[in-house]
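Dear colleague,

I am passing the structure below on to you, together with my notes on what turned up in it. Please read the notes with the structure open beside them.

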Amino acid sequence: MATKLSRRALLAAAEGGALWMAGCRASSDATSSAPARSAEARSVAQVVPAQATRDGAGVALRRAIGSRLLPLLDPFLLLDEIRSERADEYIKGFPDHPHRGFETVTLMIDGAMEHRDSVGNQGRLVSGSVQWMTAGRGIVHSEMPKQERGLLWGFQLWVNLPRKLKMSAPRYQDIAPARIPEVTTGAGFARVLAGSFGGETGPVEGIVVAPTMLDLTLSPGGVLEHSLPATHNAFVFVMMGDAALGPEGRNVAARELAVLGPGNTLVATGGSEGARLLLVAAEPIGEPVARRGPFVMNTEEELDQAFEDYRSGRLVGG
Ligand code: CO
């Protein structure tokens with residue numbers, strides 16, 4: 001479905017910029033000459049409510065990808081939200097545990113966590129920071145809350161690695177809030193974690209699936225149009241408020257995840273209280289996925305090997 005855009009908006013889109021437009025986005029002044037690039041708004045293919053569960057040492061969380069409702073959205077394996085003001089729901093954290101075969105992305109909205117790993121990295125994840133960790137062939141790490149009271153609010157996303165990179169060396173990108181570009185317009189603002197928005201490029205780099213990851217705040221009625229590669233799988237998780245998504249204006253509420261269908265443009269309108277959205281898109285990998293606990297490989301045999309390597313101390317190092 002084509003989306004009507006003003007000439008100015010089309011020019012901006014052609015330059016790769018995202019479009020924030022307050023109020024009415026449609027305009028009748030578009031010329032009859034067709035633009036080289038036509039926007040095709042992505043519909044909402046599926047709305048998935050995040051499911052309450054526990055992980056780590058008993059941390060209460062909500063799982064939006066990796067649950068029975070949405071086991072996988074290639075290349076995304078898991079999306080968890082931790083959001084609690086009750087210390088007993090988060091204080092025990094995620095003590096030492098291994099990973100192999102994928103990447104973990106941690107986004108802190110509020111509160112602080114400390115990360116330590118077997119490669120020697122140590123980092124304090126503060127409000128507004130993001131950590132992109134490539135587990136590769138193996139890492140053991142801990143992720144522990146550094147607060148004893150108050151709101152802890154963060155997300156963890158697991159992004160798969162293709163077969164040829166599953167056994168690559170671990171890598172760690174710890175990004176402080178000051179390094180994350182913010183793009184402000186009349187209708188809201190975006191924090192550009194990965195990918196591009198409004199002429200800014202996020203600090204996360206060198207990721208094979210070329211992810212887009214945006215923390216978007218929409219004012220009430222504010223309309224966002226943002227171009228996304230048509231080949232990328234994409235989702236929007238509503239962190240706060242609610243939003244109307246897609247050309248059909250499907251209402252999606254807080255703690256719901258919308259899987260976006262085919263097309264090359266996200267269209268989103270902030271609800272009556274506005275909305276805060278996490279937009280994530282990436283190139284799907286298209287390989288078999290074998291997963292068990294903290295390991296994600298292509299085959300069951302490779303999973304068995306990962307457990308054997310962990311037991312025998314060969315998962316890390318070497
Ligand atoms: Co972990």
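In what order do the 7 strands of the open sheet follow one another? The order is β3-β4-β5-β12-β7-β10-β13, and the pairing is antiparallel. At its edges lie β3 (51–55) and β13 (171–175), each of which pairs on one side only, and from one strand to the next the twist averages 20°. Please keep in mind throughout that this is a predicted model.

Within that sheet, β5 and β12 (residues 152–160) run antiparallel and are joined by 8 bridges, and one place to look is Leu79, which stands opposite Leu157 in β12. As general background, strands of a sheet pair through backbone hydrogen bonds, either parallel or antiparallel.

For the protein chain as a whole, the secondary structure comes to 2 helices and 25 strands. Of the 318 residues, 45% count as buried. If one takes the contacts between residues at least 6 apart in sequence, 70% of them join residues that are at least 24 apart.

A second region that I would ask you to look at is strand β20 (residues 233–245), which is mostly covered, since 10 of its 13 residues are buried. With strand β23 (residues 265–282), β20 pairs in the antiparallel sense over 11 bridges, and there Ala243 stands opposite Gly270. The strand β20 is also joined to β22 by 4 bridges, again in the antiparallel sense, with Val236 opposite Ala258 in β22. Another 4 bridges join β20 to β21, and these two strands likewise run antiparallel; here the bridge partner of Leu245 is Arg250 in β21. The hairpin of β20 and β21 has 4 residues between the strands, and in this hairpin Gly246 takes a positive phi near 75°.

Some backbone details also deserve a careful look, given that most residues other than glycine have a negative phi, and most peptide bonds are trans. The peptide bond from Asp74 to Pro75 is cis, with omega near 5°, and Pro75 is found in the loop between β4 (59–65) and β5 (76–84), two strands that also appear in the open sheet described above.

Two residues that are not glycines have a positive phi, and I describe them in turn. Ala210, with a phi of about 50°, has its place in the loop between β17 (200–201) and β18 (212–218). Is Ala210 buried, exposed or partly exposed? It counts as partly exposed, because 14 C-beta neighbours lie inside 10 Å, whereas a residue needs 20 or more to be buried. Arg255, whose positive phi is about 70°, is found in the loop between β21 (250–253) and β22 (256–260), both of which are joined to β20. Arg255 is likewise partly exposed, because 18 other C-beta atoms lie within 10 Å.

Finally, helix α2 (residues 300–311) has 12 residues and reaches 17 Å from its first C-alpha to its last, which is close to the 16 Å expected at 1.5 Å a residue. The helix α2 is followed by Gly313, whose phi is positive, near 80°.

With best wishes

Definitions and conventions:
Residues numbered from 1 in each chain as written. Predicted model: local features only at pLDDT ≥ 70, side-chain atom pairs only at ≥ 80, totals over all residues. Expected span 1.5 Å × (residues − 1). Buried ≥ 20, exposed ≤ 12 C-beta atoms within 10 Å, placed from the backbone. Contact = placed C-beta atoms within 7 Å. Pairing = 2+ DSSP bridges. Axes fitted to C-alpha atoms, helices over the stretch in contact; angles between N-to-C directions.
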